[in-house]
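This report walks through one protein model, from a loop to the core and a cavity. Please keep the sequence and the structure in view while reading.

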Amino acid sequence: MSGKQAASHFLEGDNALIPYKDDNPTSVFPAATIAIIALNILVFLLQITARSGMREVTYAYGAIPQYLLSFEKAQPVHPAMTVFSSMFMHGGLFHLGGNMLYLWIFGNNIEDRLGHIRFLLYYLFCGIIAAYAHAVTNPDSTIPMVGASGAVSGILGAYLLLFPHARVHMLIFLGFFITTVKIPALIVIGFWAIIQFINGMISTGLHEAQGGVAWFAHIGGFLIGLVTIRIWLPRRNRRWL
């Protein structure tokens, strides 16, 4: 990944806890979730095989905060369109893998509750809000942001509210020893959210000339997903806590 990408990650460093599935059955085939994952993989393949190189592609179609807010046309497409193109781009294989893993585990249940089309619109909506959450907190940045993290964070916010007691299977790495454990989603996603807020607050005092994690994209996507998921639910599925 180029050092000037402000790509966002779910799997950071040498995390010892990694989710791999949940105990939360669905009743419909997750066609939209699979389609989004397939599109992300396809776009990543186009990125890494582009003749102009991955860095140039990232600067051409990544979401650049300064341009998003000023609408300055310095890229091949209008800045507003980079909100969508950046949502399906990634900075590396682990970046892609981490985001798609979370989308696969948690997205199918949200699609099950929303339906295919409503889920797709909800996913894009969270991604848009996430991109602008990053932009308004980094208004002068010309570092492109890529990744599905913001939209997937919206999925996590929805999952936390709708399925807080669902069990998430986690891989635990203890040196060379690997084991598994089932943890309530409330703890898994709640802990993840706390990490995002802490790192977001810390990052406000840093000048990340070389890019980094777009923490406020995570926070913005998560909060908008958490707050609005009830509005997105079909009327027959609405149940207030």
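Glutamate 72 touches Gln66, Tyr67 and Pro79, leaving out residues up to four places away in sequence. The model is a predicted one. Glutamate 72 sits in the loop between α3 and α4. Its relative accessibility is 39%, so glutamate 72 counts as partly exposed.

Phenylalanine 71 is found in that loop too, between α3 (65–70) and α4. Phenylalanine 71 has a positive phi of about 60°, although it is not a glycine. Its relative accessibility is 45%, and phenylalanine 71 therefore counts as partly exposed.

**Overall build**

The protein has nine helices and three strands. Starting at the N terminus, the elements run β-α-α-α-α-α-α-α-β-β-α-α. Of the 241 residues, 51% count as buried. Take the contacts with a separation of 6 or more: residues 24 or more positions apart account for 78% of them. The protein exposes about 11,600 Å². Carbon and sulfur atoms supply 67% of that area.

**The core**

In soluble globular proteins, nonpolar side chains tend to be buried together. Which members of the largest nonpolar core touch the most other members? They are Leu103, Phe106, Ile110, Tyr122, Tyr123 and Ile229, out of 56 residues in this core. The elements that each supply at least two residues are α1 (31–49), α4 (79–87), α5 (93–114), α6 (116–137), α7 (149–162), β2 (167–174), α8 (185–203) and α9 (215–232). Helix α7 gives the most, with nine residues.

Isoleucine 229 shows some of these links. Leaving aside residues up to four places away in sequence, isoleucine 229 touches Ile110, Leu114, Tyr122, Ala158, Leu161 and Leu162. Next comes threonine 228, which lies in helix α9. Threonine 228 touches Tyr122 and Phe125, again not counting residues up to four places away in sequence. Tyr122 is thus named as a contact of threonine 228 and as a contact of isoleucine 229. Is threonine 228 buried or exposed? Buried means under 20% relative accessible area. Threonine 228 has 10% relative accessibility, so it counts as buried.

**Along helix α6**

Three residues of this helix follow, with their accessibility and a C-alpha separation for each. Leucine 120, glycine 127 and histidine 134 are placed in α6.

| Residue | Relative accessibility | Partner | Sequence separation | C-alpha distance |
|---|---|---|---|---|
| Leucine 120 | 32%, partly exposed | Alanine 32 | 88 residues | 6.5 Å |
| Glycine 127 | 8%, buried | Glycine 225 | 98 residues | 9.7 Å |
| Histidine 134 | 6%, buried | Glycine 150 | 16 residues | 9.3 Å |

Why does leucine 120 count as partly exposed? Partly exposed residues fall between the 20% and 50% limits. Leucine 120 has a relative accessible area of 32%, and therefore belongs to that class. Histidine 134 has 6%, so it is buried.

Glycine 127 has further contacts. Apart from its neighbours within four places in sequence, glycine 127 is in contact with Val83, Met87, Gly150 and Ala151. At 8% relative accessibility, glycine 127 counts as buried, because the limit for buried is under 20%.

**The cavity**

Rolling a probe the size of a water molecule over the atoms shows where empty space is left. How many cavities of 30 Å³ or more does the structure hold? It holds one. The largest cavity has a volume of about 90 Å³. Its lining comprises 13 residues, and those closest to its centre are Met87, Gly127, Ala131, Met145 and Gly147. Glycine 127 thus appears in this list, and Met87 is one of its contacts.

Which helices each supply at least two residues of the lining? They are α4, α6 and α7. These helices also each supply at least two residues of the largest nonpolar core. By class, the lining has eight nonpolar and five polar residues. It has no charged residues.

How values were computed: Residues are numbered from 1 along each chain as its sequence is written. This is a predicted model: local features need pLDDT of at least 70, side-chain atom pairs count only at pLDDT 80 or more; totals for chains, interfaces and linings use all residues. Side-chain values use heavy atoms; hydrogens and water are left out. A nonpolar core is a set of buried Ala, Val, Leu, Ile, Met, Phe, Trp, Tyr and Cys residues joined through side-chain atoms within 4.5 Å. Buried means under 20% relative accessible area, exposed over 50%, partly exposed in between (1.4 Å probe, protein chains only). Helices (H or I, at least four residues) and strands (E, at least two) are DSSP runs, numbered from the N terminus. Contact means heavy atoms within 4.5 Å. Accessible areas come from the Shrake-Rupley method with a 1.4 Å probe; for residues, only the protein chains shown count as cover. On a 1 Å grid over the protein atoms alone, a cavity is a set of points where a 1.4 Å probe fits but cannot get out, and a pocket is an open set with protein on both sides within 12 Å along at least five of seven lines; lining residues have an atom within 4 Å of a point. Grid points are joined across faces, edges and corners, and a volume is the space filled by probe spheres set on the points. Ala, Val, Leu, Ile, Met, Phe, Trp, Tyr, Cys and Pro count as nonpolar, Asp, Glu, Lys and Arg as charged, and the others, Gly among them, as polar.
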